[in-house]
Amino acid sequence: MSFNLKRVLFGKFCSLFAASLFTFVAGLNVLRETSSGFQFALVLLAGSVPRILLSPVAGVLADRWNRKRIIVMTESLSALVLFGLLFYSLQAPLHTVHYIIASVLLTSLSTFLSVTLSSSLPRLVQEDELQRGNALFSTIQSTSTITAPLVAGLLIATVPITQFLILPFLLFASAAWWNSRLRFLAVDTSPSANTDTPSFVSEFKEGYRYLFRQPVLTTLVLMAIVLNFFFVAFEILLPIILLDRLQFTPFRFGMVESALGAGLLVASLLLALPRFTVKRPLRTIFESLFLIASCYALPALALLGYVPSALLLPFFMILLFIDGMLVLRMNIPLQLIVQKQTDPAYLGRVIGVLESIAMAMMPIGTLLFGLLSDHVSIIVLLGLGTVGLFGAASFGFLRLRKDILSESIPVAEAKNTSSLTS
């Protein structure tokens, strides 16, 4: 592993862990202070809405400005936000509005960081390390998602919020320092050095035009709209199935949720190994997607009584573990396609649009399926989700079938060449 990859991974871990710590504690403190689900939802929205709105903007700026400066600046400003909140907490108690403001600022900065870092990865590592870098990014994200709530829960029970805020502040500051040591393998060709730079709006439009001129990328975007809608729906339906319909305890529900994180973690570790290099990314994406669609309907078996009560916990833990592995097996090849097939001058804008579209479906799916779950059978909703996923996968497969078949040609030619020379 190159020193550059080690630096960017350590910086990303510090940043993600700090953000996860703050998000967990912000939601917990708001619930303890207000006992209001609405105010808790406001904190959650503060952590998602800015990403929806700012991802395309972040993509344009990542293509216009020096990317290393954006990365270091966003980490430094995130540390400054935590320092400001820490300083304020020494003067007065923190309330919901303070957590919401801090969440909005941190999510906004995280959006610029995430888009810029993803579009910079091909310039930070060699091409043969690109899959490994993406997989290790996911490993870090899964690890922070699993461990941060445990650490935060332990600390918040033993230290006051003022002392707790010191840890995420130091982590963001460490991330800024590590990212300041990054060395880009290629010269940053962003047009900021040019005297005749196109306007922001024209670059924004050009990014969209470029994206929808690429058949593969266009198809992936259209698929993402449908897929994320039904993926979010599953996140809404699963707690209802487990906690309400099957009467799982919160502890058992937590075990099922942790199985999903474990699946993501195991898959990311495997995909970081050279042995599991993805040679046919499109084929891998659609194989994983069809399998995910098949798994979507399986909770209906438990609702219909086909799974014995003694086996419900292992059934759902295995199901969520497999789902986690399949989701990452789909996401890593998708990231590789975007990073390799996109012109570097447009990569920031393309990633920004993809992130914005993916996040935009979250509030829509959450509200719609949350409302439908009160009036429509859960089994019917699972059926709709399964049909929707199969429909999106079939649509993409039919549009890209020639590209999928062409991935096999180099492999076949390589086999024929080796047989002739043996």
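Which helix does Leu260 lie in? Select Leu260 to start, and keep in mind that this is a predicted model.

**Stop 1: Leu260**

Leu260 belongs to helix H11, which covers residues 250–271. Is Leu260 buried or exposed? Neither label fits: Leu260 is partly exposed, because its relative accessible area is 29%, between the 20% and 50% cut-offs. Now add Met317 to the selection. Met317 is 57 residues from Leu260 along the chain, and their C-alpha atoms are separated by 7.6 Å. Next, show what Leu260 touches. Setting aside neighbours within four places in sequence, its contacts are Leu320, Phe321, Asp323 and Gly324.

**Stop 2: Gln247**

Go to the loop between H10 and H11 and select Gln247. With 60% relative accessibility, Gln247 counts as exposed. Check the backbone here. Most residues other than glycine have a negative phi. Gln247 has a positive one, near 55 degrees, and is not a glycine.

**Stop 3: Gln214**

Move to the loop between H9 and helix H10 (215–245), where Gln214 lies. Gln214 is partly exposed, with a relative accessible area of 23%. Select Leu182 as well. Leu182 and Gln214 are 32 residues apart along the chain, and 31 Å separates their C-alpha atoms.

**Stop 4: helix H9**

Select residues 200–213, which form H9. This helix has 14 residues. From its first C-alpha to its last it reaches 20 Å, close to the 20 Å expected at 1.5 Å a residue. Which residues of H9 are buried? Colour Glu203, Gly207, Tyr210 and Leu211. These buried residues sit on the same side of H9, because they cover an arc of only 100 degrees around the axis. Now see what covers them. The cover includes helix H3 (49–64), H10, helix H14 (312–341) and H15.

**Stop 5: H9 against H15**

Two packed helices are described by the angle between their axes and the distance between the axes. Keep H9 and add H15, residues 347–372. Their axes come within 9 Å and cross at roughly 80 degrees. H9 and H15 are therefore roughly perpendicular to each other, as the range for that label is 65 to 115 degrees. On the H9 side, the contact is made by Glu203, Glu206, Gly207, Tyr208, Tyr210 and Leu211. On the H15 side, pick out Arg349, Val350 and Val353. The residues of this contact divide into five nonpolar, one polar and three charged.

**Stop 6: H9 against H3**

Hide H15 and show H3. How do the axes of H3 and H9 cross? They come within 10 Å, and the crossing angle is roughly 105 degrees. That makes H3 roughly perpendicular to H9. Select Pro56, Val57, Val60, Leu61 and Arg64 in H3. They meet Phe200, Glu203, Phe204 and Tyr208 in H9. The residues of this contact divide into seven nonpolar, no polar and two charged.

**Stop 7: helix H16**

Select residues 378–399 for H16. Its 22 residues should span 32 Å at 1.5 Å a residue, and the end C-alpha atoms are 32 Å apart, which agrees. Colour the buried residues: Ile378, Leu381, Leu382, Gly385, Thr386, Gly388, Leu389, Ala392, Ala393 and Gly396. Because they cover an arc of only 160 degrees around the axis, they lie on the same side of H16. To see their cover, show H10, helix H12 (281–296), helix H13 (299–303) and H15, which are among the elements there.

**Stop 8: Ala79**

Jump to helix H4, residues 67–91, and select Ala79. Ala79 is buried, with a relative accessible area of 6%. Not counting neighbours within four places in sequence, Ala79 is in contact with Phe169, Phe172 and Ala173. Add Ile146 for a distance. Ile146 is 67 residues from Ala79 in sequence and 22 Å away in space, C-alpha to C-alpha.

**Stop 9: Phe137**

Finish in helix H6, residues 130–156, with Phe137. Is Phe137 buried or exposed? Phe137 is buried, because its relative accessible area is 7%, under the 20% cut-off. Leaving out residues up to four places away in sequence, Phe137 touches Val8, Leu9, Lys12, Leu117 and Leu121. Last, select Leu269. Phe137 and Leu269 are 132 residues apart in sequence, with 10.0 Å between their C-alpha atoms.

Conventions. Residues numbered from 1 in each chain as written. Predicted model: local features only at pLDDT ≥ 70, side-chain atom pairs only at ≥ 80, totals over all residues. Heavy atoms only, no water. Axes fitted to C-alpha atoms, helices over the stretch in contact; angles between N-to-C directions. Helix = DSSP H or I, 4+ residues; strand = E, 2+ residues; numbered from the N terminus. Parallel < 35°, antiparallel > 145°, perpendicular 65-115°, else oblique. Contact = heavy atoms within 4.5 Å. Nonpolar A, V, L, I, M, F, W, Y, C, P; charged D, E, K, R; others polar. Buried < 20%, exposed > 50% of the residue type's maximum accessible area, 1.4 Å probe, protein only. Expected span 1.5 Å × (residues − 1). Arc of directions from axis to C-beta.
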